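Let's take a look at this one together. We'll start with a single loop residue and then move on to the core and the overall layout.

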Amino acid sequence: MKTGRRTDFSKSNNSGFTLIELVVIAAIIFVLTGMIAINVTPMFTQSVRSSAEDLQQLLADTRTAAYARDNGSDSTYLEISVADNGRIKATEYVNDNAVTPYTNGENDYKYLGNYKETLVAKKRTSTSTSTSSSGSVTSSDSEIGSIGTGQNLYIAFEKGTGEVYCFTLAKDWADAKNATKFNDGVVSDAVITLQGNGSTFEVTVDGVTGRSKYTRIY
């Protein structure tokens, strides 16, 4: 009967996807996933880069401010900590007062980047080896630690020279400034690593001159 034929035809149309249809759907999903990854990855990379740029500028400003002040009686330093929302914040202090040009609606500190990131502080010591034919320089890192709850990273510079004299983790500036002088014994560079969503940047501060720069390492 015609009715039976219609029923058989209807069943055959609802039997499921063909192999070709499944391949096409998988290809579409693959292309869309790739497009999302291409657009999202640079966004996160740019955020970490922005953090490194901001931090490098803050370090330069703090070093400049320290030139005209006696670090024995005045307090010129940069405090880096983690906000309640998990983002990294930085505040420049002069005479224990926050420098207000960095105010962005959140008291007197500046967020680094737009997302949560990880910060690790390290000392980098370079050793020169020379032979009769050539010389080479090797570097070794010693980790100071990463900032977390109850700990801040403090960075300060010598008056007149810009040399790093404080680069340490402490609960507050009173504890930080009493720490061992940064370059005691061996001259080292201060290194701050910023990492987020698979992208890593390093901000390096020359231990002798205090000049800073940033580099993408991953």
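## A tucked-in arginine

Arg87 sits in the loop between β1 (76-82) and β2 (88-94); strands here are DSSP runs (E, at least two residues), and helices are H or I runs of at least four, numbered from the N terminus. Arg87 is buried, at 19% relative accessible area, because buried means under 20% (1.4 Å probe, protein chains only). Leaving out residues up to four places away in sequence, Arg87 touches Ser81, Val82, Tyr111, Gly113, Asn114, Tyr115 and Lys116, where contact means heavy atoms within 4.5 Å.

This is a predicted model, so local features need pLDDT of at least 70 and side-chain atom pairs 80 or more, while totals for chains, interfaces and linings use all residues. Residues are numbered from 1 along each chain as its sequence is written, and side-chain values use heavy atoms, without hydrogens and water.

## The core

The largest nonpolar core (buried Ala, Val, Leu, Ile, Met, Phe, Trp, Tyr and Cys joined through side-chain atoms within 4.5 Å) has 27 residues. Leu55, Ile80, Leu153, Phe167 and Ile192 have the most contacts inside it. Of the contributing elements, α2 gives the most, with six residues.

Beyond four places in sequence, the contacts of Ile192 include Leu55, Ile80, Leu153 and Phe167. There's also a second, separate core of nine residues, with Tyr93, Tyr154, Ala156 and Cys166 among them.

## The whole chain

The protein chain has three helices and eleven strands, running α-α-β-β-β-β-β-β-β-β-α-β-β-β from the N terminus. Of its 218 residues, 37% are buried.

Definitions and conventions
Buried < 20%, exposed > 50% of the residue type's maximum accessible area, 1.4 Å probe, protein only.
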